[in-house]
Amino acid sequence: MKLLLSVPKPCRMALKRPLCSGAGSRFEDDFEKHHCPTNFFQRSLLTVGSAAISILNPHRGDMIACLAETTGDQALRYMKTCMEQSEEGQQILRDRPRINTTTVDLDKLHKLPADTLGGAYYSFLVKNRVTPDSRMTVQFVDNIELAYVVQRYREAHDLIHTVLQMPTNMLGEVTVKWVEALQFKLPMCISGAVFGPLRLKTKHRQLYLSSYLPWALKTGQSAEFLLNIYFEKRWQQPLTEFYQEVNIQPLVLNQ
């Protein structure tokens, strides 16, 4: 990829493979290890290149992650402000917790009732064959506080899928992207919400327009700010109580 020629050498290798957080490592350590300072020209090339590749191949998670980092400065500041306005969000910013298989005891979640947050999250991971270790470490955000915000969003993404009861297929991803776009204002989420439906199959497109899109627009606007949820402290919380607290009404399709 030619745009890598203008990126500092240590960062070229980083873009070629997923970067997961180290086992049990502090965010500050990961940030220092993986941070790649860039100038305006390099950031512009990364933005254009990652955007083009993301459109051609939506499965390139590394390029989508790169695009979020190089275009999301204003959105990240907005997200951080929203977190600072909540006691729970403030605690998350202070603690900088991580979500991976080292920090989350999946065996304990497996033993929780299915109608708790932890039990539902475990079921989501198993059903969709995903792992919390798949999220890349932030590289191109210079401010460590903003870098943590995007890292938290990244690692909480599967939990957002869980609480919205959305699978990881294209219909589920587009629906989640609308909720995230309305809540977080990230350009990457907005573009995914707007252009993602173009890839839906005919049957899913009809469901999307009649049910999923209206529900996502309502939920994104009415739900509590999802990054203010300290998920790790709520594993045993019943979902009915959780939904009432964060003002989410799960989607119910008319048969």
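Which residue just after helix 8 takes a positive phi? Before I answer, please keep in mind that what we have on the screen is a predicted model. The residue is Arg129, whose phi is about 55°, and Arg129 comes just after helix 8 ends.

Let me stay with helix 8, which runs over residues 117-128, has 12 residues and reaches 16 Å from its first C-alpha to its last, close to the 16 Å expected at 1.5 Å a residue. Its buried residues are Leu117, Gly118, Gly119, Ala120, Tyr121, Phe124, Leu125 and Asn128, and what covers them includes helix 7 (106-111), helix 9 (144-164) and helix 13 (239-246).

Now please turn to helix 5, residues 73-84, which has 12 residues and reaches 17 Å between its first and last C-alpha atoms, close to the 16 Å expected at 1.5 Å a residue. Here Ala75, Leu76, Met79, Lys80, Cys82 and Met83 are buried. Seen down the helix axis, these buried residues of helix 5 fall within an arc of 160°, so they line one face of the helix. They pack against helix 6 (87-95), helix 9, helix 10 (170-184) and helix 11 (187-195).

I would like to finish with the cysteines. Because buried means under 20% relative accessible area, Cys82, at 14% relative accessibility, counts as buried, and Cys189, at 0% relative accessibility, counts as buried as well. How many disulfides does a search of the whole structure find? The search finds zero.

How values were computed
Residues are numbered from 1 along each chain as its sequence is written. This is a predicted model: local features need pLDDT of at least 70, side-chain atom pairs count only at pLDDT 80 or more; totals for chains, interfaces and linings use all residues. Side-chain values use heavy atoms; hydrogens and water are left out. Helices (H or I, at least four residues) and strands (E, at least two) are DSSP runs, numbered from the N terminus. The expected span of a helix is 1.5 Å times one less than its number of residues. Buried means under 20% relative accessible area, exposed over 50%, partly exposed in between (1.4 Å probe, protein chains only). Contact means heavy atoms within 4.5 Å. A disulfide is a pair of cysteine sulfur atoms within 2.5 Å. The arc is that of the directions from the helix axis to the C-beta atoms.
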